[in-house]
Amino acid sequence: MLLQQCLTESANVWPERAAVRMRETVLTYAQLDARSNRIARALRTAGVKARDRVGIYLSKSPAAVAAIFGALKAGAAYVPLDVDSPGERTAYVVGNGELAAVITDARHGPKLAGLGVPVLLSVDGTIAADAATGAKFSDEWVSAQPGEPLESDTVEDDLAYILYTSGSTGRPKGVMLSHRNAMVFIDWSLRYLEIGDGERFASHAPFHFDLSIFDLYVALKTGGTLCLVPPGFSYFPDALARFVADHAITVWYSVPSAIIQILSHPHGLVPQLRSIRTLIYAGEVFPYKYLNDLRRALPETRLYNFYGPTETNVITAHRLAGLSHGELTADVPIGAACDYAHIEVVDTLGRRVLPGREGELVVKGGSLMQGYWRDPERTRAAIRPLTLDGETEDFYFTGDIVTCGCDGEFVYRGRRDNMVKTRGFRVELGEIETVVAQHAAVQQCAVLAIPDERISHRLHAVVSFRPGAEAGIDALLEHCGRFLPGYMLPEGITVVEAMPLTSTGKTDRTSLSQLINNAAISPPSLDAALAKAG
């Protein structure tokens with residue numbers, strides 16, 4: 001099955017049902033299907049060929065959803081572009097992705113001037129012809145195209161989309177995923193979560209983030225309504241909670257921070273989430289103290305932890321036990337392998353580790369990416385041959401350190417590349433973050449390693465406090481000293497009102513590093529901290 005068939009088949013069954021909703025704008029399945037057909041025809045008429053790449057440079061909106069399906073129906077792969085990214089990064093993706101066209105609107109189109117995009121197609125906002133910025137096609141011209149579907153020779157192994165993620169080299173890397181890669185995850189989700197038709201899905205993740213794959217295709221494959229969360233709502237927990245209540249959301253999928261904001265709000269927003277029957281989180285560790293709060297507040301809601309890098313889609317899942325099983329006292333497992341994923345845990349020499357021992361999670365299977373766009377060297381570094389039980393096969397090396405119990409459940413322990421050295425010791429930053437976050441006053445915490453030529457790195461914590469709570473830096477250091485050896489104690493702690501977030505809702509560590517580097521911080525001495533910690 002192809003991704004665009006999630007829409008076309010549902011449009012045949014439920015033509016008048018609401019497919020996409022944002023504020024006052026609603027598109028039925030029939031309208032969305034016809035609009036995406038017109039975009040597909042416009043792309044073909046403008047010269048886009050099968051297996052080209054088409055950029056989507058639009059804010060989250062029904063128009064953006066139609067553009068995604070239009071690109072797929074034209075036989076192309078879509079490349080979501082972050083409208084809030086710096087121009088230099090956008091220019092890199094446009095050039096690196098060799099985009100044949102970009103679908104945009106009057107608001108964002110002018111920002112693409114000079115990037116050499118051969119076809120600029122406008123939807124939901126007219127762009128007039130302008131020789132200075134290349135060929136332009138207005139939304140009136142797109143709307144005049146026939147609404148009937150195009151014939152396509154797309155097959156399941158064709159490229160469906162490229163998601164650009166942060167790269168260690170400082171340049172984003174394009175993760176290539178086929179229709180088959182995505183559909184094995186979508187079909188598994190329907191079975192595992194027992195999603196029925198007519199659910200109301202919250203689309204919280206931006207379309208350039210991999211969580212959006214679940215939102216878009218599971219919702220539309222099942223005749224659900226995709227309710228688009230306006231991007232600015234991520235920073236306002238009261239707006240998020242009101243959105244859930246107003247739209248009677250039944251399925252929610254996001255990074256933990258979105259839910260933590262609501263849980264931590266002093267005005268008691270959680271009751272507004274009671275329409276949610278299925279709540280899934282992924283992308284970061286959800287501290288167990290907040291999960292306990294969530295389980296108490298929403299005892300009837302099914303809670304799930306999904307795990308998987310962009311390169312693999314979701315590959316493990318765990319359903320949280322109900323309140324009758326007692327309070328959680330440790331971070332929740334990332335779960336057991338999905339039925340399409342073959343997972344192993346290996347040491348640095350590629351040998352399978354014993355249950356309970358730490359190792360790197362490696363995976364192969366139907367959801368694994370085709371590779372990194374135009375980067376065979378990086379692809380070879382990530383997908384490598386591994387010999388187990390006398391057979392050699394290619395596995396993707398995630399860089400994530402896990403343990404696996406005898407029950408087949410994996411527990412996330414940290415990142416291989418999040419290990420730093422300080423004073424000659426190897427330190428896992430995630431371990432320090434876990435301890436700091438356990439302090440009752442702390443809402444969120446990030447620990448950064450600041451390069452220092454004398455001791456390799458100095459450790460610096462950035463924290464935000466729960467509303468109405470606060471603690472002195474000395475008290476936080478004393479708390480850390482009860483759980484961490486001296487060489488793992490942060491030498492500086494900075495308090496911020498709220499953690500900066502990336503466009504995908506994760507903690508923006510780059511901004512935090514700049515904050516620390518730019519500030520004149522005088523951290524307490526390590527000796528003093530150790531003395532206070534006893």
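Let me start with a single pair of residues: in this predicted model, Glu344 has Val362 in strand β18 as its bridge partner. That pair belongs to a longer run of pairing, since strands β17, residues 341-346, and β18, residues 359-365, run antiparallel and are joined by six bridges. If you look at how β17 sits in the chain, you will find that five of its six residues are buried, so that the strand is mostly covered.

From there I would like to step back to the whole chain. The chain has 15 helices and 27 strands, and of its 534 residues 57% count as buried. Why do we speak of a radius of gyration that agrees with a compact globule? For a chain of 534 residues, a compact globule would have a radius of gyration near 24 Å, and because the chain has 24 Å, the two agree. The C-alpha trace, taken along its principal axes, spans about 75 × 50 × 50 Å.

On contacts, if we take those in the chain with a separation of 6 or more, 66% of them are accounted for by residues 24 or more positions apart. As for the surface, the chain exposes about 22,400 Å², and carbon and sulfur atoms supply 49% of that area. The charges can be put briefly: there are 51 positive and 61 negative side chains, and the centres of these two sets lie 1 Å apart.

Now to the sheet that I would like you to find on the screen. Nine strands form an open sheet with mixed pairing, and their order is β2-β1-β11-β10-β12-β13-β14-β15-β16. The edge strands, each of which pairs on one side only, are β2, residues 25-28, and β16, residues 336-337.

Let us take the β16 edge to begin with. Here β15, residues 316-319, pairs with β16 in the antiparallel sense over two bridges, and Thr316 has Ala337 of β16 as its bridge partner.

At the other edge, β1 and β2 run antiparallel and are joined by four bridges, with Leu27 in β2 as the bridge partner of Val20. These two strands form a hairpin with two residues between them. Which residue in that turn has a positive phi? The residue is Arg23, with a phi of about 50 degrees, and that is a positive value in a residue other than glycine. Arg23 is found in the loop between β1, residues 18-22, and β2, and because its relative accessible area is 53%, over the 50% cut-off, Arg23 counts as exposed.

Still within the sheet, consider strand β10, residues 200-203, which is where Ser203 has its place. Is Ser203 buried or exposed? Ser203 has a relative accessible area of 0%, and so it is buried. Leaving aside residues up to four places away in sequence, Ser203 touches Lys60, Asp215, Leu226, Cys227, Leu228 and Val229.

Another loop leads into this sheet: Ala248 lies between helix α8, residues 237-247, and strand β12, residues 251-254. Although Ala248 is not a glycine, it has a positive phi of about 50 degrees. With a relative accessible area of 26%, Ala248 is partly exposed, because that value falls between the 20% and 50% cut-offs.

There is a further hairpin to show you, this one formed by β20 and β21 with two residues between them. Strand β20, residues 383-388, pairs with strand β21, residues 391-404, in the antiparallel sense over six bridges, and within that pairing Thr387 stands opposite Thr392 in β21. In the turn, Asp389 has a positive phi of about 55 degrees.

My last stop is Arg423, which lies in the loop between β23, residues 419-422, and β24, residues 425-428. At 34% relative accessibility, Arg423 counts as partly exposed. How far apart in space are Arg423 and Pro146? From C-alpha to C-alpha they are 68 Å apart, and in sequence 277 residues lie from one to the other.

To draw this together, I would keep in mind the open sheet of nine strands with β2 and β16 at its edges, the buried Ser203 in β10, and the two hairpins, β1 with β2 and β20 with β21, whose turns include Arg23 and Asp389 respectively.

Terms used: Residues are numbered from 1 along each chain as its sequence is written. This is a predicted model: local features need pLDDT of at least 70, side-chain atom pairs count only at pLDDT 80 or more; totals for chains, interfaces and linings use all residues. Side-chain values use heavy atoms; hydrogens and water are left out. The radius of gyration is taken over C-alpha atoms; the globule rule is 2.2 Å times the number of residues to the power 0.38. Buried means under 20% relative accessible area, exposed over 50%, partly exposed in between (1.4 Å probe, protein chains only). Contact means heavy atoms within 4.5 Å. Accessible areas come from the Shrake-Rupley method with a 1.4 Å probe; for residues, only the protein chains shown count as cover. Lys and Arg count as positive and Asp and Glu as negative; His and the chain ends are not counted. The place of a charge is taken as NZ of Lys, CZ of Arg, CG of Asp or CD of Glu. Two strands pair if DSSP finds at least two bridges between them.
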